[in-house]
Amino acid sequence: MEREFYILSLKASANAQAGGVWWWFGPKNSGYTMFLENAGRYPESAVRTGQSYYNNGESTLAVPCEYAESLARRAVYQRSIKDMRDNA
């Protein structure tokens, strides 16, 4: 089976290091998502063929799916205590 990659948009994720989120390419180049489970999985052959687009190191980075998934965690977004109580 061919190795698969998620494509990290370094450009869209510019604020991630300051507490923002990472933005991944959606399936079939369909925009961006912050949720890894909604990100597109790109075969290695496509990444190699389109290296200047999918893995140029300046605006994009191809990350092996198995590696990104090993780092992913589910989280509850911070909301106000009032909002949490109102929706409990």
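**Entry 1: Tyr 53 and its neighbour**

I started with Tyr 53, which counts as partly exposed because its relative accessibility is 44%. I kept in mind that this is a predicted model. Next I looked up Tyr 54, and its relative accessibility is 11%, so Tyr 54 counts as buried. The cut-off I needed here is that buried means under 20% relative accessible area and exposed means over 50%, with partly exposed in between.

Then I looked for aromatic pairs and found that the count comes to seven. One of them is formed by Tyr 53 and Tyr 54, with 5.0 Å from centre to centre and 70° between the planes. Why is this pair edge-to-face? Its planes are 70° apart, and the label edge-to-face applies because that angle is over 60 degrees. I also noted that Tyr 53 and Tyr 54 belong to one aromatic cluster with Phe 25, Tyr 32 and Tyr 42.

**Entry 2: Ser 9**

I moved on to Ser 9, which I found in strand β1. Is Ser 9 buried or exposed? Its relative accessibility is 2%, so Ser 9 counts as buried. Leaving aside neighbours within four places in sequence, I listed Trp 23, Phe 25, Tyr 32 and Ser 59 as the contacts of Ser 9. Two names there were familiar to me, since Phe 25 and Tyr 32 are in the aromatic cluster.

**Entry 3: Leu 61 and Tyr 6**

My next stop was Leu 61, which has its place in strand β5, residues 60-64. With a relative accessible area of 34%, Leu 61 is partly exposed. I checked its contacts beyond four places in sequence and wrote down Tyr 6, Ile 7, Leu 8, Leu 10, Tyr 54 and Asn 55. Tyr 6 caught my eye: Leu 61 and Tyr 6 are 55 residues apart along the chain, and their C-alpha atoms are separated by 8.3 Å.

I then looked from the side of Tyr 6. Again without neighbours within four places, the contacts of Tyr 6 include Leu 61, Trp 24, Leu 36, Ala 39, Val 63, Cys 65 and Ala 68. Gly 40, Arg 41, Ala 62 and Glu 69 are also in contact with Tyr 6.

**Entry 4: the cores**

Which residues make up the largest nonpolar core? I found eight: Tyr 6, Leu 8, Trp 24, Leu 36, Ala 39, Val 63, Cys 65 and Ala 68. Strand β1 (4-9) and helix α3 each supply at least two residues of this core. There is also a second, separate core of seven residues, and I noted Phe 5, Ile 7, Tyr 42 and Ala 62 among them.

**Entry 5: the largest pocket**

I turned to open space and found about 660 Å³ of it in the largest pocket. Its lining has 18 residues, with Met 34, Phe 35, Leu 36, Ala 72 and Arg 73 lying nearest the centre. Leu 36 was already on my page as a member of the largest nonpolar core. Which element gives the most to the lining? Helix α3, residues 65-71, does, with three residues. By class I wrote down 14 nonpolar, one polar and three charged residues for the lining.

**Entry 6: stepping back**

Last, I looked at the whole chain. I counted four helices and five strands, which run along the sequence as β-β-β-β-α-α-β-α-α. Of the 88 residues in the protein, 27% are buried. Among contacts with a separation of 6 or more, 54% join residues 24 or more positions apart; the Leu 61 contact with Tyr 6 spans 55 residues.

How values were computed
Residues are numbered from 1 along each chain as its sequence is written. This is a predicted model: local features need pLDDT of at least 70, side-chain atom pairs count only at pLDDT 80 or more; totals for chains, interfaces and linings use all residues. Side-chain values use heavy atoms; hydrogens and water are left out. On a 1 Å grid over the protein atoms alone, a cavity is a set of points where a 1.4 Å probe fits but cannot get out, and a pocket is an open set with protein on both sides within 12 Å along at least five of seven lines; lining residues have an atom within 4 Å of a point. Grid points are joined across faces, edges and corners, and a volume is the space filled by probe spheres set on the points. Ala, Val, Leu, Ile, Met, Phe, Trp, Tyr, Cys and Pro count as nonpolar, Asp, Glu, Lys and Arg as charged, and the others, Gly among them, as polar. Rings of Phe, Tyr and Trp (its six-membered ring) pair if their centres lie within 6.5 Å; planes under 30 degrees apart count as stacked, over 60 as edge-to-face and the rest as tilted. Buried means under 20% relative accessible area, exposed over 50%, partly exposed in between (1.4 Å probe, protein chains only). Contact means heavy atoms within 4.5 Å. A nonpolar core is a set of buried Ala, Val, Leu, Ile, Met, Phe, Trp, Tyr and Cys residues joined through side-chain atoms within 4.5 Å.
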